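With the structure open in a viewer, please follow the selections below in order, pausing at each one before moving on to the next.

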Amino acid sequence: MSSLDSSLALGHSAARARLSSVLLAISAFVIVTTEFLIVGLLPALARDLGLSIARAGQLVTLFAFTVMLAGPPLTALLSHFNRRRLFVVILVLFAASNALAAVAEQPWVLALARVLPALALPVFWGTASETAVRLAPAGQGGRAVARIYLGITAAMLFGIPLGTLAADAIGWRGSFWLLAALSLLMAGALALWMPAETSVEPRRALGEQARVLRQPWLLGNVLLSVLVFTAMFAAYTYLADVLERLSRVPAGQVGWWLMGFGVVGLLGNALGGRWVDRAPLGATIAFCTVLAVGMLASVGWAGQGALTVIALALWGIAHTALFPLCQVRVMRAAPQAQALAGTLNVSAANAGIGLGALLGGGVIERFGLASLGLAAAAVAVLAIAAGLLLRRWQ
(Lines give C-alpha, C1' and ligand atoms only; values in the text may rest on other atoms or scores of the structure.)
Protein backbone atom coordinates (compact mmCIF):
# COMPACT_ATOMS: atom_id res chain seq x y z
CA MET A 1 0.00 0.00 0.00
CA SER A 2 1.37 3.45 -0.93
CA SER A 3 1.94 6.17 1.64
CA LEU A 4 -0.99 8.09 0.17
CA ASP A 5 -3.29 5.10 0.56
CA SER A 6 -2.06 4.62 4.12
CA SER A 7 -2.73 8.26 4.94
CA LEU A 8 -6.23 8.06 3.46
CA ALA A 9 -6.95 4.88 5.42
CA LEU A 10 -5.76 6.48 8.67
CA GLY A 11 -7.81 9.59 7.95
CA HIS A 12 -10.91 7.50 7.27
CA SER A 13 -10.35 5.53 10.50
CA ALA A 14 -9.95 8.72 12.54
CA ALA A 15 -13.07 10.26 10.97
CA ARG A 16 -15.06 7.11 11.68
CA ALA A 17 -13.89 7.13 15.29
CA ARG A 18 -14.89 10.79 15.72
CA LEU A 19 -18.33 10.21 14.19
CA SER A 20 -18.97 7.23 16.43
CA SER A 21 -17.82 9.18 19.49
CA VAL A 22 -20.14 12.08 18.62
CA LEU A 23 -23.14 9.77 18.13
CA LEU A 24 -22.41 7.93 21.37
CA ALA A 25 -21.87 11.23 23.24
CA ILE A 26 -25.29 12.52 22.13
CA SER A 27 -26.82 9.17 23.09
CA ALA A 28 -25.11 9.46 26.48
CA PHE A 29 -26.66 12.91 26.87
CA VAL A 30 -30.14 11.41 26.37
CA ILE A 31 -29.39 8.48 28.67
CA VAL A 32 -27.98 10.56 31.55
CA THR A 33 -30.82 13.07 31.25
CA THR A 34 -33.25 10.16 31.52
CA GLU A 35 -31.47 8.96 34.65
CA PHE A 36 -31.31 12.24 36.56
CA LEU A 37 -34.12 14.42 35.20
CA ILE A 38 -36.57 12.75 37.56
CA VAL A 39 -34.87 14.55 40.48
CA GLY A 40 -36.28 17.84 39.20
CA LEU A 41 -39.69 16.30 38.48
CA LEU A 42 -40.25 14.59 41.84
CA PRO A 43 -42.52 17.23 43.43
CA ALA A 44 -44.88 17.34 40.44
CA LEU A 45 -45.13 13.60 39.83
CA ALA A 46 -45.47 12.94 43.57
CA ARG A 47 -48.51 15.23 43.67
CA ASP A 48 -50.06 13.67 40.57
CA LEU A 49 -49.56 10.09 41.74
CA GLY A 50 -50.46 10.74 45.38
CA LEU A 51 -47.00 9.91 46.75
CA SER A 52 -44.91 11.50 49.45
CA ILE A 53 -41.62 13.06 48.35
CA ALA A 54 -39.71 10.38 50.28
CA ARG A 55 -41.65 7.61 48.52
CA ALA A 56 -41.16 9.25 45.12
CA GLY A 57 -37.45 9.63 45.89
CA GLN A 58 -37.17 5.86 46.09
CA LEU A 59 -37.46 5.86 42.29
CA VAL A 60 -33.96 7.39 42.21
CA THR A 61 -32.63 4.71 44.56
CA LEU A 62 -34.39 2.00 42.53
CA PHE A 63 -32.66 3.17 39.34
CA ALA A 64 -29.18 3.37 40.92
CA PHE A 65 -29.26 -0.03 42.60
CA THR A 66 -30.73 -1.72 39.52
CA VAL A 67 -27.77 -0.38 37.55
CA MET A 68 -25.35 -1.58 40.23
CA LEU A 69 -26.70 -5.14 40.43
CA ALA A 70 -27.74 -5.89 36.86
CA GLY A 71 -24.95 -4.23 34.90
CA PRO A 72 -22.09 -6.77 35.04
CA PRO A 73 -24.06 -9.97 34.24
CA LEU A 74 -26.09 -8.32 31.45
CA THR A 75 -22.99 -6.83 29.84
CA ALA A 76 -21.21 -10.18 30.00
CA LEU A 77 -24.18 -11.88 28.32
CA LEU A 78 -24.42 -9.25 25.57
CA SER A 79 -20.72 -8.58 25.00
CA HIS A 80 -20.64 -10.51 21.69
CA PHE A 81 -23.58 -8.66 20.09
CA ASN A 82 -23.05 -6.36 17.12
CA ARG A 83 -22.42 -2.95 18.66
CA ARG A 84 -24.56 -0.88 16.31
CA ARG A 85 -27.57 -3.14 16.76
CA LEU A 86 -27.04 -3.25 20.52
CA PHE A 87 -26.94 0.55 20.82
CA VAL A 88 -30.03 0.92 18.64
CA VAL A 89 -31.95 -1.56 20.81
CA ILE A 90 -30.85 0.27 23.97
CA LEU A 91 -32.06 3.65 22.63
CA VAL A 92 -35.37 2.12 21.50
CA LEU A 93 -35.77 0.67 25.00
CA PHE A 94 -35.13 4.12 26.48
CA ALA A 95 -37.74 5.59 24.12
CA ALA A 96 -40.32 2.99 25.17
CA SER A 97 -39.50 3.41 28.88
CA ASN A 98 -39.81 7.19 28.75
CA ALA A 99 -43.13 6.85 26.91
CA LEU A 100 -44.31 4.42 29.59
CA ALA A 101 -43.32 6.91 32.29
CA ALA A 102 -45.25 9.63 30.47
CA VAL A 103 -48.51 7.64 30.57
CA ALA A 104 -48.05 6.09 34.03
CA GLU A 105 -51.09 6.46 36.27
CA GLN A 106 -49.94 4.08 38.99
CA PRO A 107 -46.67 4.15 40.99
CA TRP A 108 -45.78 0.58 40.00
CA VAL A 109 -46.00 1.49 36.31
CA LEU A 110 -43.62 4.39 36.85
CA ALA A 111 -41.31 2.07 38.81
CA LEU A 112 -41.28 -0.35 35.87
CA ALA A 113 -40.52 2.56 33.54
CA ARG A 114 -37.45 3.28 35.69
CA VAL A 115 -36.22 -0.31 36.04
CA LEU A 116 -36.16 -1.04 32.29
CA PRO A 117 -33.73 1.74 31.30
CA ALA A 118 -31.68 1.05 34.44
CA LEU A 119 -31.05 -2.45 33.08
CA ALA A 120 -29.77 -1.04 29.79
CA LEU A 121 -27.75 1.92 31.06
CA PRO A 122 -24.69 0.00 32.35
CA VAL A 123 -24.62 -2.12 29.19
CA PHE A 124 -24.46 1.09 27.17
CA TRP A 125 -21.64 2.61 29.21
CA GLY A 126 -19.55 -0.55 29.26
CA THR A 127 -19.86 -1.33 25.55
CA ALA A 128 -19.79 2.32 24.39
CA SER A 129 -16.51 2.93 26.20
CA GLU A 130 -15.02 -0.25 24.78
CA THR A 131 -16.24 0.61 21.26
CA ALA A 132 -14.71 4.09 21.47
CA VAL A 133 -11.34 2.60 22.47
CA ARG A 134 -11.44 0.02 19.66
CA LEU A 135 -12.23 2.61 16.99
CA ALA A 136 -9.79 5.26 18.18
CA PRO A 137 -6.28 5.60 16.74
CA ALA A 138 -3.51 4.02 18.83
CA GLY A 139 -2.83 5.92 22.03
CA GLN A 140 -6.04 7.98 21.87
CA GLY A 141 -8.53 5.60 23.45
CA GLY A 142 -8.81 7.68 26.61
CA ARG A 143 -9.65 10.81 24.65
CA ALA A 144 -12.32 8.89 22.75
CA VAL A 145 -13.91 7.77 26.03
CA ALA A 146 -13.71 11.35 27.34
CA ARG A 147 -15.63 12.55 24.25
CA ILE A 148 -18.44 10.14 25.12
CA TYR A 149 -18.40 11.36 28.70
CA LEU A 150 -19.02 14.87 27.41
CA GLY A 151 -22.60 13.58 27.23
CA ILE A 152 -22.67 13.52 31.04
CA THR A 153 -21.42 17.10 31.26
CA ALA A 154 -23.91 18.23 28.62
CA ALA A 155 -26.75 16.50 30.48
CA MET A 156 -25.78 18.20 33.75
CA LEU A 157 -25.31 21.54 31.97
CA PHE A 158 -28.32 21.58 29.62
CA GLY A 159 -30.45 18.44 29.67
CA ILE A 160 -31.52 18.31 33.31
CA PRO A 161 -32.07 22.10 33.82
CA LEU A 162 -33.88 22.50 30.49
CA GLY A 163 -35.97 19.37 31.08
CA THR A 164 -37.01 20.73 34.46
CA LEU A 165 -37.90 24.08 32.91
CA ALA A 166 -39.84 22.29 30.16
CA ALA A 167 -41.85 20.50 32.82
CA ASP A 168 -43.14 23.86 34.01
CA ALA A 169 -44.50 24.53 30.51
CA ILE A 170 -45.64 21.09 29.35
CA GLY A 171 -45.85 19.10 32.60
CA TRP A 172 -43.63 16.28 33.86
CA ARG A 173 -45.29 13.88 31.44
CA GLY A 174 -44.38 16.19 28.58
CA SER A 175 -40.72 16.06 29.64
CA PHE A 176 -40.79 12.26 29.46
CA TRP A 177 -42.45 12.43 26.03
CA LEU A 178 -39.67 14.75 24.89
CA LEU A 179 -37.03 12.29 26.12
CA ALA A 180 -38.85 9.45 24.35
CA ALA A 181 -38.69 11.37 21.07
CA LEU A 182 -35.00 12.18 21.52
CA SER A 183 -34.22 8.54 22.32
CA LEU A 184 -36.00 7.39 19.17
CA LEU A 185 -34.21 10.04 17.12
CA MET A 186 -30.80 8.84 18.35
CA ALA A 187 -31.73 5.21 17.67
CA GLY A 188 -32.35 6.20 14.06
CA ALA A 189 -29.10 8.19 13.86
CA LEU A 190 -27.07 5.26 15.19
CA ALA A 191 -28.76 2.87 12.77
CA LEU A 192 -27.95 5.15 9.82
CA TRP A 193 -24.47 6.47 10.56
CA MET A 194 -22.62 4.32 13.06
CA PRO A 195 -20.13 1.94 11.38
CA ALA A 196 -21.62 -1.54 11.10
CA GLU A 197 -18.27 -3.30 11.13
CA THR A 198 -17.34 -2.38 14.70
CA SER A 199 -15.40 -5.33 16.10
CA VAL A 200 -16.71 -7.12 19.19
CA GLU A 201 -15.49 -9.71 21.59
CA PRO A 202 -15.96 -13.36 20.60
CA ARG A 203 -18.78 -15.10 22.39
CA ARG A 204 -17.60 -16.44 25.72
CA ALA A 205 -19.41 -18.23 28.52
CA LEU A 206 -20.57 -16.11 31.45
CA GLY A 207 -18.43 -18.15 33.83
CA GLU A 208 -15.36 -17.60 31.70
CA GLN A 209 -15.86 -13.84 31.67
CA ALA A 210 -16.55 -13.85 35.41
CA ARG A 211 -13.01 -15.10 35.99
CA VAL A 212 -11.80 -11.53 35.70
CA LEU A 213 -13.50 -10.95 39.06
CA ARG A 214 -10.78 -13.11 40.61
CA GLN A 215 -8.10 -10.66 39.58
CA PRO A 216 -7.02 -8.61 42.61
CA TRP A 217 -5.75 -5.78 40.39
CA LEU A 218 -9.18 -5.32 38.79
CA LEU A 219 -11.02 -5.58 42.11
CA GLY A 220 -8.66 -3.02 43.64
CA ASN A 221 -9.42 -0.56 40.84
CA VAL A 222 -13.18 -1.18 41.16
CA LEU A 223 -13.05 -0.53 44.91
CA LEU A 224 -11.07 2.65 44.24
CA SER A 225 -13.91 3.82 41.97
CA VAL A 226 -16.41 3.17 44.78
CA LEU A 227 -14.37 5.40 47.10
CA VAL A 228 -13.93 8.10 44.44
CA PHE A 229 -17.66 8.31 43.63
CA THR A 230 -18.61 8.16 47.31
CA ALA A 231 -16.41 11.21 47.89
CA MET A 232 -17.79 12.98 44.81
CA PHE A 233 -21.46 12.50 45.62
CA ALA A 234 -21.26 12.89 49.40
CA ALA A 235 -21.00 16.60 48.64
CA TYR A 236 -22.33 17.01 45.08
CA THR A 237 -25.74 15.57 46.02
CA TYR A 238 -26.23 18.53 48.35
CA LEU A 239 -24.46 21.22 46.32
CA ALA A 240 -27.69 23.16 45.74
CA ASP A 241 -28.31 23.21 49.49
CA VAL A 242 -24.74 24.40 50.13
CA LEU A 243 -25.21 27.23 47.65
CA GLU A 244 -28.56 28.30 49.04
CA ARG A 245 -28.01 27.94 52.79
CA LEU A 246 -24.29 28.56 53.22
CA SER A 247 -23.37 30.78 50.27
CA ARG A 248 -26.68 32.68 50.52
CA VAL A 249 -27.36 32.32 46.80
CA PRO A 250 -31.03 33.24 46.12
CA ALA A 251 -33.10 30.15 45.32
CA GLY A 252 -33.94 31.49 41.87
CA GLN A 253 -30.23 31.76 41.00
CA VAL A 254 -29.06 28.35 42.22
CA GLY A 255 -29.75 26.79 38.83
CA TRP A 256 -27.42 29.25 37.14
CA TRP A 257 -24.65 28.43 39.62
CA LEU A 258 -25.16 24.74 38.94
CA MET A 259 -24.95 25.47 35.23
CA GLY A 260 -21.68 27.29 35.85
CA PHE A 261 -20.42 24.25 37.72
CA GLY A 262 -21.20 22.23 34.59
CA VAL A 263 -19.45 24.75 32.31
CA VAL A 264 -16.25 24.45 34.35
CA GLY A 265 -16.69 20.70 34.08
CA LEU A 266 -16.01 20.94 30.35
CA LEU A 267 -12.41 21.83 31.22
CA GLY A 268 -12.24 18.91 33.63
CA ASN A 269 -13.46 16.53 30.95
CA ALA A 270 -10.82 17.82 28.52
CA LEU A 271 -8.01 17.50 31.08
CA GLY A 272 -9.13 14.03 32.18
CA GLY A 273 -9.29 12.87 28.56
CA ARG A 274 -5.80 14.24 27.86
CA TRP A 275 -4.09 12.65 30.86
CA VAL A 276 -5.94 9.36 31.05
CA ASP A 277 -3.96 7.87 28.16
CA ARG A 278 -0.69 8.61 29.94
CA ALA A 279 -1.28 7.51 33.53
CA PRO A 280 -4.90 6.81 34.54
CA LEU A 281 -4.05 5.80 38.12
CA GLY A 282 -1.73 8.74 38.71
CA ALA A 283 -4.25 11.16 37.20
CA THR A 284 -6.99 9.70 39.44
CA ILE A 285 -4.86 10.37 42.51
CA ALA A 286 -4.06 13.91 41.34
CA PHE A 287 -7.68 14.85 40.63
CA CYS A 288 -8.85 13.28 43.92
CA THR A 289 -6.46 15.68 45.63
CA VAL A 290 -7.96 18.63 43.74
CA LEU A 291 -11.45 17.29 44.54
CA ALA A 292 -10.71 17.15 48.28
CA VAL A 293 -9.36 20.72 48.29
CA GLY A 294 -12.26 22.01 46.18
CA MET A 295 -15.02 20.41 48.29
CA LEU A 296 -13.42 21.44 51.58
CA ALA A 297 -12.85 25.01 50.42
CA SER A 298 -16.27 25.37 48.77
CA VAL A 299 -18.00 24.71 52.09
CA GLY A 300 -15.39 26.43 54.27
CA TRP A 301 -15.28 29.55 52.09
CA ALA A 302 -19.02 29.61 51.37
CA GLY A 303 -20.22 33.17 50.91
CA GLN A 304 -16.68 34.55 50.49
CA GLY A 305 -17.18 35.91 46.96
CA ALA A 306 -14.22 35.22 44.67
CA LEU A 307 -12.82 32.55 47.01
CA THR A 308 -16.08 30.62 46.71
CA VAL A 309 -15.96 30.83 42.92
CA ILE A 310 -12.35 29.58 42.83
CA ALA A 311 -13.14 26.70 45.18
CA LEU A 312 -16.21 25.68 43.16
CA ALA A 313 -14.14 25.83 39.95
CA LEU A 314 -11.55 23.43 41.41
CA TRP A 315 -14.34 21.15 42.58
CA GLY A 316 -16.11 21.21 39.21
CA ILE A 317 -12.93 20.48 37.23
CA ALA A 318 -11.98 17.50 39.40
CA HIS A 319 -15.53 16.17 39.62
CA THR A 320 -15.96 15.92 35.86
CA ALA A 321 -12.40 14.75 35.12
CA LEU A 322 -12.85 11.72 37.37
CA PHE A 323 -15.69 10.26 35.28
CA PRO A 324 -13.57 9.22 32.26
CA LEU A 325 -10.49 8.62 34.41
CA CYS A 326 -12.23 5.97 36.49
CA GLN A 327 -13.83 4.36 33.44
CA VAL A 328 -10.60 3.98 31.47
CA ARG A 329 -8.56 2.98 34.53
CA VAL A 330 -10.88 0.06 35.34
CA MET A 331 -11.11 -1.02 31.69
CA ARG A 332 -7.32 -1.15 31.44
CA ALA A 333 -7.23 -3.32 34.54
CA ALA A 334 -8.94 -6.10 32.52
CA PRO A 335 -7.91 -5.71 28.85
CA GLN A 336 -9.26 -9.16 28.03
CA ALA A 337 -12.83 -8.17 29.04
CA GLN A 338 -13.06 -4.41 28.64
CA ALA A 339 -16.82 -4.19 28.17
CA LEU A 340 -17.42 -6.13 31.39
CA ALA A 341 -14.78 -4.10 33.22
CA GLY A 342 -16.36 -0.86 32.01
CA THR A 343 -19.72 -1.98 33.34
CA LEU A 344 -18.15 -2.97 36.66
CA ASN A 345 -16.96 0.61 36.94
CA VAL A 346 -20.48 1.88 36.20
CA SER A 347 -21.80 -0.39 38.96
CA ALA A 348 -19.07 0.86 41.30
CA ALA A 349 -19.98 4.45 40.41
CA ASN A 350 -23.65 3.86 41.22
CA ALA A 351 -22.71 2.19 44.49
CA GLY A 352 -20.63 5.26 45.30
CA ILE A 353 -23.45 7.61 44.29
CA GLY A 354 -25.84 5.82 46.65
CA LEU A 355 -23.32 5.58 49.51
CA GLY A 356 -22.24 9.19 49.04
CA ALA A 357 -25.81 10.47 49.20
CA LEU A 358 -26.43 8.44 52.38
CA LEU A 359 -23.16 9.59 53.96
CA GLY A 360 -23.73 13.23 53.11
CA GLY A 361 -27.30 13.13 54.40
CA GLY A 362 -26.18 11.48 57.62
CA VAL A 363 -23.45 14.07 58.18
CA ILE A 364 -25.88 16.93 57.60
CA GLU A 365 -28.43 15.50 60.05
CA ARG A 366 -25.86 14.79 62.75
CA PHE A 367 -23.25 17.53 62.43
CA GLY A 368 -24.84 20.15 60.17
CA LEU A 369 -24.33 21.28 56.59
CA ALA A 370 -21.08 23.10 57.42
CA SER A 371 -19.42 19.72 58.16
CA LEU A 372 -20.19 18.31 54.71
CA GLY A 373 -16.99 19.51 53.03
CA LEU A 374 -14.78 17.95 55.70
CA ALA A 375 -16.59 14.61 55.54
CA ALA A 376 -16.48 14.44 51.72
CA ALA A 377 -12.80 15.48 51.67
CA ALA A 378 -12.02 12.76 54.22
CA VAL A 379 -13.44 10.12 51.86
CA ALA A 380 -11.40 11.65 49.02
CA VAL A 381 -8.27 11.27 51.19
CA LEU A 382 -9.17 7.60 51.67
CA ALA A 383 -9.41 7.29 47.88
CA ILE A 384 -6.00 8.94 47.51
CA ALA A 385 -4.50 6.50 50.03
CA ALA A 386 -6.07 3.56 48.19
CA GLY A 387 -4.73 4.89 44.89
CA LEU A 388 -1.22 5.20 46.32
CA LEU A 389 -1.40 1.60 47.58
CA LEU A 390 -2.48 0.44 44.14
CA ARG A 391 0.29 2.43 42.53
CA ARG A 392 2.86 0.83 44.83
CA TRP A 393 1.39 -2.59 44.07
CA GLN A 394 1.53 -1.87 40.34
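Begin by selecting helix H13, residues 372-393, and then display its surroundings in this predicted model: the elements that cover the buried residues of H13 include helix H7 (216-236), helix H8 (239-246), H10 and H12. The buried positions of H13 are Leu372, Gly373, Ala375, Ala376, Ala377, Val379, Ala380, Ala383, Ile384, Gly387 and Leu390. An α-helix has 3.6 residues a turn, so residues three or four places apart point the same way. Along its length, H13 spans 32 Å from the first C-alpha to the last over 22 residues, which is close to the 32 Å expected at 1.5 Å a residue.

Next, keep H10 (residues 280-300) in view and add H11, whose axis lies 8 Å from that of H10 at an angle of about 150°. Because angles over 145 degrees count as roughly antiparallel, H10 is roughly antiparallel to H11. The two helices, H10 and H11, cross in a left-handed sense, and their contact comprises 19 nonpolar, four polar and two charged residues.

Finally, select H11 (residues 306-332) together with H12 (residues 338-367), where the axes are again 8 Å apart but the packing angle is about 135°, which makes H11 oblique to H12. Here the crossing is right-handed. To see the contact itself, show the side chains of Cys326, Gln327, Val330 and Met331 on H11, and on H12 pick out Gln338, Ala341, Gly342, Asn345 and Val346. Sorted by class, this contact of H11 with H12 holds five nonpolar and four polar residues, with no charged ones.

How values were computed. Residues numbered from 1 in each chain as written. Predicted model: local features only at pLDDT ≥ 70, side-chain atom pairs only at ≥ 80, totals over all residues. Heavy atoms only, no water. Axes fitted to C-alpha atoms, helices over the stretch in contact; angles between N-to-C directions. Helix = DSSP H or I, 4+ residues; strand = E, 2+ residues; numbered from the N terminus. Parallel < 35°, antiparallel > 145°, perpendicular 65-115°, else oblique. Left-handed = near helix turned anticlockwise from the far one by under 90°. Contact = heavy atoms within 4.5 Å. Nonpolar A, V, L, I, M, F, W, Y, C, P; charged D, E, K, R; others polar. Expected span 1.5 Å × (residues − 1). Buried < 20%, exposed > 50% of the residue type's maximum accessible area, 1.4 Å probe, protein only.
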